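Work through the exercises below with the sequence and the 3D view at hand. Each task is followed by a worked solution.

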Amino acid sequence: MSWGTLFFYYECPVCGRKFKYDFSRGDEYGAHFGECPVCKAPGAYVDDGPRRADDLDYPEVD
């Protein structure tokens, strides 16, 4: 049984943006995993899991 994709949720301490990374694609991001897609600052870890109640507030980084 699968719970779906595992996401890591972040908030940027610089610009305040919320975002999430798909853990299964971590090798594509390499050392940039967890970076804000807008200002490139390291994101502050919020949570991880298959989905959160406020999931739509966290756009996925492509």
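The exercises concern salt bridges in this predicted model.

**Exercise 1.** Find the salt-bridge partner of Asp-47 and state how exposed each residue is.

Solution. Step 1: Asp-47 pairs with Arg-52, and their closest N and O atoms are 3.1 Å apart. Step 2: a salt bridge needs a nitrogen of Lys or Arg within 4 Å of a carboxyl oxygen of Asp or Glu, so this pair qualifies. Step 3: Asp-47 has 28% relative accessibility and is partly exposed. Step 4: Arg-52, at 23%, is partly exposed.

**Exercise 2.** Which side chain meets Asp-54 in a salt bridge?

Solution. Step 1: the partner of Asp-54 is Arg-52, with an N to O distance of 2.8 Å. Step 2: Asp-54 has a relative accessibility of 23%, and because partly exposed covers values between 20% and 50%, Asp-54 belongs there.

**Exercise 3.** Decide whether Asp-55 is buried or exposed, do the same for Arg-51, and trace the network that contains them.

Solution. Step 1: Asp-55 and Arg-51 form a salt bridge, 2.9 Å from N to O. Step 2: buried means under 20% relative accessible area; Asp-55 has 8%, so Asp-55 is buried. Step 3: exposed means over 50%; Arg-51 has 53%, so Arg-51 is exposed. Step 4: through salt bridges with shared partners, Lys-20, Arg-51 and Asp-55 are joined into one network.

**Exercise 4.** How many salt bridges are counted by this rule?

Solution. The count is 6 salt bridges. Among them are the Asp-47 to Arg-52 pair, the Asp-54 to Arg-52 pair and the Asp-55 to Arg-51 pair.

Technical notes: Residues numbered from 1 in each chain as written. Predicted model: local features only at pLDDT ≥ 70, side-chain atom pairs only at ≥ 80, totals over all residues. Heavy atoms only, no water. Buried < 20%, exposed > 50% of the residue type's maximum accessible area, 1.4 Å probe, protein only.
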